[in-house]
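Hi,

Here is the structure I promised to pass on, with my notes underneath. Have a look at it first, then read on.

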Amino acid sequence: MNRICVFCGSSMGFSPLYAERAAALGKLLAERGIGLVYGGASVGTMGVVADAALAAGGEVIGVIPQHLSRVEISHAGLTELHVVADMHERKARMAEFSDGFLALPGGAGTLEELFEIWTWAQLGLHGKPLGLVDVGGYYTRLREFVDHMVDEGFLRTQHRELLFVDEDPAVLLDAFAKYEAPTVDKWVR
């Protein structure tokens with residue numbers, strides 16, 4: 001794994017645990033020699049994960065759409081900052097630069113990015129691992145809902161298993177290092 005894309009918030013959330021874990025993830029990536037790819041902002045947990053990776057000597061690549069570069073305040077101290085036309089190009093570039101994907105707690109944008117990249121994996125458009133960093137049980141209800149999707153026949157078990165979940169990002173990175181993309185059979189019959 002050369003680079004991991006981290007989806008996370010432009011907000012900090014209410015618990016200080018979110019910023020603490022974002023910083024720990026940034027540091028962990030740098031210590032393992034894994035570059036960080038993220039949304040390019042200096043605010044929220046996005047800024048925290050980037051600052052921590054940079055402080056630990058890591059490579060940090062940001063990708064931000066032009067219309068958000070002022071709202072989310074583009075990070076000025078990155079290894080690379082790519083300003084792109086729109087959200088679609090942002091996600092495509094982030095995916096292009098990355099060997100895997102992690103989602104820290106975040107809002108609708110974080111989930112949208114996660115679900116799109118998960119759908120791409122389900123369709124066989126990429127074979128990269130993806131996971132949720134379940135900080136303080138943040139993703140517990142989402143995991144339960146995803147299992148409900150399987151129980152109700154809207155998601156196959158093999159596609160559910162594409163999504164790793166753990167509270168410890170080191171466990172997720174270890175799983176990513178051993179990951180072999182499954183053969184995705186035709187998902188529509």
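A quick word on terms before the details: contact here means heavy atoms within 4.5 Å. Please also keep in mind that this is a predicted model.

With that in hand, start with the first two helices. On the α1 side, Y18, A19, A22, A23, L25, G26, K27 and A30 take part in the contact, and they meet T45, V48, V49, A52 and A53 of α2. Sorted by class, that contact between α1 and α2 holds 10 nonpolar, two polar and one charged residues. As for geometry, α1 covers residues 16-31 and α2 covers residues 44-55, and the two pack at an angle of about 35 degrees with their axes 7 Å apart. The crossing of α1 past α2 is right-handed.

One residue of α1 is worth picking out, namely L25. What does L25 touch, once its neighbours within four places in sequence are left aside? The list is V6, V49, L102, L104 and P169. L25 has a relative accessible area of 0%, so it counts as buried. Its C-alpha lies 9.3 Å from that of V133, although L25 and V133 are 108 residues apart in sequence.

Now the overall picture. The protein chain has seven helices and seven strands, and along the sequence they come in the order β-α-β-α-β-β-α-β-α-β-α-α-β-α. Is the chain extended or as compact as a globular protein of its length? The radius of gyration is 16 Å, close to the 16 Å that the globule rule gives for 189 residues, so the chain is as compact as a globular protein of that length. Taken along the principal axes, the C-alpha atoms fill a box of roughly 50 × 35 × 30 Å. Buried residues account for 46% of the 189 residues. Of the contacts between residues at least 6 apart in sequence, 70% join residues at least 24 apart.

Next, the aromatics. The count comes to six aromatic pairs. One of them is F7 with F101, a stacked pair at 6.0 Å centre to centre and 10 degrees between the planes. This pair links distant parts of the chain: F7 sits in strand β1 (residues 3-7) and F101 in strand β5 (residues 101-103), 94 residues apart. F7 counts as buried because its relative accessibility is 4%, and F101 counts as buried because its value is 1%.

F164 and Y179 make an edge-to-face pair, with 5.8 Å centre to centre and 75 degrees between the planes. Here too distant parts of the chain are linked, with F164 in strand β7 (residues 163-166) and Y179 in the segment after α7 (169-178), 15 residues apart. The two rings fall into separate accessibility classes: F164, at 23% relative accessibility, counts as partly exposed, while Y179, at 19%, counts as buried. The cut-off that matters for both is that buried means under 20%. There is also an aromatic cluster, made up of Y18, Y138 and Y139; Y18 is also among the α1 residues that meet α2.

A few single residues to click on while you have the model open:

- G40 is in the loop between β2 (35-38) and α2. It is buried, with a relative accessible area of 0%. Not counting residues up to four places away in sequence, G40 touches G62, V63, I64, I73, S74, H75, L78 and L81. Between G40 and I73, 33 residues apart in sequence, the C-alpha to C-alpha distance is 8.4 Å.
- H126 is in the loop between α4 (108-122) and β6 (130-133). Its relative accessible area is 14%, so H126 is buried. Beyond its neighbours within four places in sequence, H126 is in contact with F101, I117, W120 and A121, and F101 is the partner of F7 in the stacked pair. The C-alpha atoms of H126 and L172 are separated by 18 Å, with their positions 46 residues apart along the chain.
- F145 belongs to helix α5 (residues 140-151). At 46% relative accessibility, F145 counts as partly exposed. F145 and A50 are 95 residues apart in sequence and 30 Å apart in space, C-alpha to C-alpha.

Cheers

Notes
Residues are numbered from 1 along each chain as its sequence is written. This is a predicted model: local features need pLDDT of at least 70, side-chain atom pairs count only at pLDDT 80 or more; totals for chains, interfaces and linings use all residues. Side-chain values use heavy atoms; hydrogens and water are left out. Axes are lines fitted to C-alpha atoms, for helices over the stretch in contact, and angles run from 0 to 180 degrees between N-to-C directions. Helices (H or I, at least four residues) and strands (E, at least two) are DSSP runs, numbered from the N terminus. A crossing is left-handed if the near helix is turned anticlockwise from the far one by less than a right angle, and right-handed if clockwise. Ala, Val, Leu, Ile, Met, Phe, Trp, Tyr, Cys and Pro count as nonpolar, Asp, Glu, Lys and Arg as charged, and the others, Gly among them, as polar. Rings of Phe, Tyr and Trp (its six-membered ring) pair if their centres lie within 6.5 Å; planes under 30 degrees apart count as stacked, over 60 as edge-to-face and the rest as tilted. Buried means under 20% relative accessible area, exposed over 50%, partly exposed in between (1.4 Å probe, protein chains only). The radius of gyration is taken over C-alpha atoms; the globule rule is 2.2 Å times the number of residues to the power 0.38.
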